[in-house]
Amino acid sequence: MYNFVINDFDGPLDLLLHLLKQSKMDIFDINIVEITHQYIDFINKMESMNLDIASEYLVMASELIEMKSRYLLPKKEEETDEYEENPEDELKRRLLEYQIYKESTEKFKELETTRHEVYTKSPERITDLSDTKIINEGVTTYDLLEALQKVLGRLEKSKPITTKVARRELSVKDRVIRIRELLSKKKTLKFEELFEEVNREYVVVTFLSILTMARDNEIKISQKNNFGEIYLERVD
Amino acid sequence: MNLKGIIEGILFAVGDEGITLNDLIKILEKEPEEIKNTLMELKNDYESGDRGIRITFLGNSFKLTTKKEHKEFFEKLLVDTKTYTLSDAALEVLAIVAYNEPITRLKVDEIRGVNSSNMIRKLVAMNFIKECGKADTIGRPNLYKTTNDFLDYFGLATKEDLPKLIIKQEVESEDKDLYTSTYKENI
């Protein structure tokens, strides 16, 4: 099986560096055909595991395929445009540049750890009193009242809103009844169709209900191929 | 006027915000040389073995910190021993900004090969990087640079203390102009 975690890669360049390292290739001596194959393979595996693939990965895939296709086509003699960077050189340059920063993060990690070994304290709260202006003229009691009301209004707003948090209980029994209803209208259902709500409780209860119904021979579960759609069929 | 005592008090009061030499001069209204010497004296006092704190120059300002030598005892004091650290992606973005500032988000994306806008927003919120003007290119995008908090977080005094980048092999010389920035900082 696969011994990697997708989230460990910070983008297509990171993935490429990993693949190069894995197949012991040097950045200056990349076998484009081989690395393209590995890259596409990886993307396909990600897809088969139903993982979202960031568009950047696909852009890189298409660039690699383009480079690879150049190898497969017969070469025309000396038709290089001086002003255009060869895409392969550009890729090497980008990998080299990215690698420099990626490797520097190790050093930053060390610095981070060392810094965590000493402590400082928060600054003292020194409130500034010298700038307070005192206005004596033209202030009426109504102004004060207004000011007080504003303060009270603000206090009112900062109060937490009291509310009740109630949990909706969902039992396997109820869920079985609901699924039965659905199956009475349609003979077969897609497995996915039953998980329209995405919360842990709902998913677990639905899953248990399906298992229960299968055990009681109420439904038949089928799947045509690996990772394919799962169907639930009513047993009459 | 007990200058040494006052400086010590100020350093305590400002805590992890620290204070620059210039600010000390402004507050104390003394000759820069005198303040510098007193600060050095105080610094040396703290370095003696029987003191628990020291003056460190971190993120472009002077701060009181505990001593590294005593870390094992602080570790025992900690309730939660898991220290929060930055992710690889965050470190990558910070490194790219630190070595290329001022830099646009687009350039960071280019180097990393992925969109970094969320990470940049996060790092701005953490006050590790900040906007510092606009680039003279189409759309006048924001330019970013690292902050003093960034330096402090990695225990660095100034930007000169940034670790040197290890460049394995020289990229072809004609590519060199690609690295020189065309961005100008306007404040």
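These legends walk through five close-up views of a predicted model.

**View 1. Chain A from end to end.** Start with chain A, which is built from seven helices and three strands. Follow the chain from the N terminus and the elements come in the order α-α-α-α-α-α-β-α-β-β. Chain A has 236 residues, and buried ones make up 14% of them. Now look at who touches whom: among contacts in chain A with a separation of 6 or more, 57% join residues that sit 24 or more positions apart.

**View 2. Where chain A meets chain B.** Here 35 residues of chain A are in contact with 37 residues of chain B. On the chain A side, α1 (12-22), α3 (55-72) and α4 (87-115) each bring at least two residues to the side that touches chain B. Which helix gives the most? That's α4(A), with 18 residues. As for the kinds of residue on this side of chain A, you'll find 14 nonpolar, seven polar and 14 charged.

**View 3. The largest nonpolar core.** This core has 40 residues. If you want to find the ones with the most contacts inside it, go to B:A90, B:V93, B:L94, B:V97 and B:L123. Helix α5 (residues 88-100) of chain B is the top contributor to this core, giving nine residues. Zoom in on B:V93 and set aside its neighbours within four places in sequence: what is it in contact with? The answer is B:V108, B:S116, B:M119, B:I120 and B:L123.

**View 4. Another core, set apart.** Away from the largest core lies another one, made of eight residues. Among them are B:V14, B:L24, B:F62 and B:L64. Two of the names to look for here, B:F62 and B:L64, bring us to strand β2 of chain B, which spans residues 61-66. Is this strand mostly covered or mostly open? It's mostly covered, with five of its six residues buried.

**View 5. A hairpin in chain B.** Strand β1 (residues 53-58) of chain B pairs with β2(B) in the antiparallel sense, and six bridges link the two. Look along the pair and you'll spot B:F57 standing opposite B:F62 in β2(B). B:F62 is also one of the residues of the eight-residue core in the previous view. Together β1(B) and β2(B) form a hairpin, with two residues between the strands. Check the turn for B:G59, which has a positive phi of about 55 degrees. One thing to keep in mind while you look at strands: in a regular strand, side chains alternate between the two faces of the sheet.

Conventions:
Residues are numbered from 1 along each chain as its sequence is written. Chains are lettered from A and ligands numbered from 1 in the order in which they are written. This is a predicted model: local features need pLDDT of at least 70, side-chain atom pairs count only at pLDDT 80 or more; totals for chains, interfaces and linings use all residues. Two residues are in contact if their C-beta atoms, placed from the backbone, lie within 7 Å. Helices (H or I, at least four residues) and strands (E, at least two) are DSSP runs, numbered from the N terminus. Ala, Val, Leu, Ile, Met, Phe, Trp, Tyr, Cys and Pro count as nonpolar, Asp, Glu, Lys and Arg as charged, and the others, Gly among them, as polar. A residue is buried if 20 or more other C-beta atoms lie within 10 Å of its own, exposed if 12 or fewer, and partly exposed in between; C-beta atoms are placed from the backbone. A nonpolar core is a set of buried Ala, Val, Leu, Ile, Met, Phe, Trp, Tyr and Cys residues joined through C-beta atoms within 7 Å. Two strands pair if DSSP finds at least two bridges between them.
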